[in-house]
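Let's walk through this one together, going from the makeup of one chain to the packing inside. Have a look at the structure first, then read on.

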Amino acid sequence: MVTFNRRQTMGLIGAAAASGLAAPALSQNKKVVVGALRFTSHSASFIAAERAYFADAGLDVELRFFQAAQPMAVAIASGDVDYAVTAISGGLISLADKGAIKVIGGALSEEPGIDGQKILASDAAFKAGLTSPAGLGGKKFGISTAGSSFHYMGSKVAQAEGVDVSFTPLQKVGAIIGALKSGQIDAWSIVPHIAKPLAGSGAVHIIGNISDYLPNYQVTTVFTSAKNANDERQQTSDFLKAFSKGASDYNSTMIDKSGGEDGVNEMVDLIHKYVYTDRERAKAAPSIINGTMRINEGARLNIASVQDQLSWFQSEGLIDGDITLDTFVDTSYVETFEA
Amino acid sequence: MSDATIKTQPIEVRFRGGGFAPKARRWVGLAVFVVLVSIMEIGTRSGWISALTLPKPSDVLATFKELWESGLLFKHLLPSLSRLAVGAAIGATVGVCAGVMIGLFSYVRAGLVPLVAAIFPIPKIALLPLFVIWFGIDEASKYALIAFGTFTPTVVATYGAVDNVDRSLIRMGQSFGLSWFSIVRKIVLPGAMPGILSGLRISLAIAIILLVAAEMLGAEYGIGAYILEAGSLYDLERLFAGVVILSLLGVILSTVIGFIERRLLGWRE
């Protein structure tokens, strides 16, 4: 088996990241490790690092890259990483229940009117009549693992349509794409920058939007170790401020187009340093632009959506039924809202 | 011969043999387990082992009981056992056949040994997505993965065992005018059996390891799927309960092979 353990993976990735990053090292600066995935949804961290917002806040940030959200959550729990952004999953809540981590802010959100996550159908299923989510009854819906955000989305869509779907765990996004293309599974939901190229190839079809079923879905959240949230208040709020500045830059440039085309191009250049680095810029740019979704201003947290997700995980028996929102979320750092 | 020589003081020779022979010490193995588990229990209860590091063994036991009472244990165990049985049976049977052929025929050896050497180091789990395309997402791809994983170690162990059969016995059979087929049946196969069975111990353990990998894709039920789900939910109690089941499977398989060894290799005594 070629499963790298976390230490090895981080060693490799850390070595790669360290060689490419020249973080401004001021002596009084606090060393902070920020975990990230190479997705456009993590752009706020990239921008804050590139435009020295972290440095201005007195934080010497080292970005550490992971292949999946789950090892990143465990790395926060073990203290190897200080702050990270990821989707709410059963694993994340379980770690919070064990007193290891806290959600301190919101990041990526679904917003009506902005292209969000898409519901996909395989070509075979599409031809057999799966042209809208209403036809999902009895179909196989791809998920990475039980208790993942895919599981939540699929279940919520099925619930809204009043149908039963069966979930097929496939562990990795790559495996899900393969299974969907070859018709082994019937449906899936995924962020637009992956959904659109797939649909463009004709092997799969977009049959709906997640935002129609889960408007204002709080997709990802900012989280940290319980120790940072409780004992390092200054550092944590400094981090959130710098992070929000990055998020704000991202929204105004990519969604509101305040800088026009030039602004978008410049932002794509910046993000391309971290995302799709294996592709040339011309090929990466459409994917980066397609992936644009709003990152909450000021890292505001949609507490209603978080509560809904928590309740869903509990109703499915994936996590302990006694976990409350307070064990999971520390609302003292950012503004919360209900939508 | 004089009396003097007889009367010389005999040097007392202490018995220096003995030792270096493993004896059955029945309860020591159990004691090691008990000590380890109680350290875990005491540590997690008193708090110097955090809930993040290890689960409470008593909680694991409770999870196990819950699994048993809800009937979920068999819902998970039966698909896994059938995958294990079918996959390992295919892999081991084809592996033993191929190994014997390699041992007996030079052309087969020349053709297959490099191929087996090339297949052996491929991490089978890396081919999993490919298997899904070839065999579909349902049971067939899981059988194929386990069969593929047990095949190569079985082949290597089998042709090694055939090679190690005492040549003088074969020559003797030839002198007595035994037919080729008779030599294979009465000398080569029994002679190779100890090596084949110890090879099977390894390949069946690999089959259990691959069970978790096989259930990564598209398995809703199964011990491997259960462990993976517990891992992604960071549910240590369920994770350990699943791992204990795999360990028990390993112990049971090893015992079964030990039993087969005693039956088939009685001629050695």
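Chain B has eleven helices and not a single strand. Read from the N terminus, its elements simply go α-α-α-α-α-α-α-α-α-α-α. Chain B is more spread out than a compact globule, because its radius of gyration of 26 Å is well over the 18 Å that the globule rule gives for 269 residues. If you lay the C-alpha trace of chain B along its principal axes, the spans come to about 85 × 60 × 30 Å.

So how does chain B hold together on the inside? Buried residues account for 33% of its 269 residues. Take the contacts in chain B between residues at least 6 apart in sequence: 73% of these join residues at least 24 apart.

Now for the packing. The largest nonpolar core counts 161 residues, and A:L120, A:A187 and B:I146 are the ones with the most contacts inside it. Zoom in on A:L120, and set aside its neighbours within four places in sequence. A:L120 is then in contact with A:L180, and with the run A:A187, A:W188, A:S189 and A:I190. Its other contacts include A:A195, A:L198 and A:A199, along with A:V204, A:H205, A:I206 and A:I207.

How far should you trust all this? Keep in mind that the model is predicted. The mean pLDDT of chain B is 89, with 97% of its residues reaching 70 or more. For the complex, the predictor gives an ipTM of 0.71 and a pTM of 0.78.

Methods:
Residues numbered from 1 in each chain as written. Chains lettered and ligands numbered in written order. Predicted model: local features only at pLDDT ≥ 70, side-chain atom pairs only at ≥ 80, totals over all residues. Core = buried A, V, L, I, M, F, W, Y, C linked by C-beta atoms within 7 Å. Buried ≥ 20, exposed ≤ 12 C-beta atoms within 10 Å, placed from the backbone. Contact = placed C-beta atoms within 7 Å. pLDDT = per-residue confidence, 0-100. Helix = DSSP H or I, 4+ residues; strand = E, 2+ residues; numbered from the N terminus. Rg over C-alpha atoms; globule rule 2.2 N^0.38 Å.
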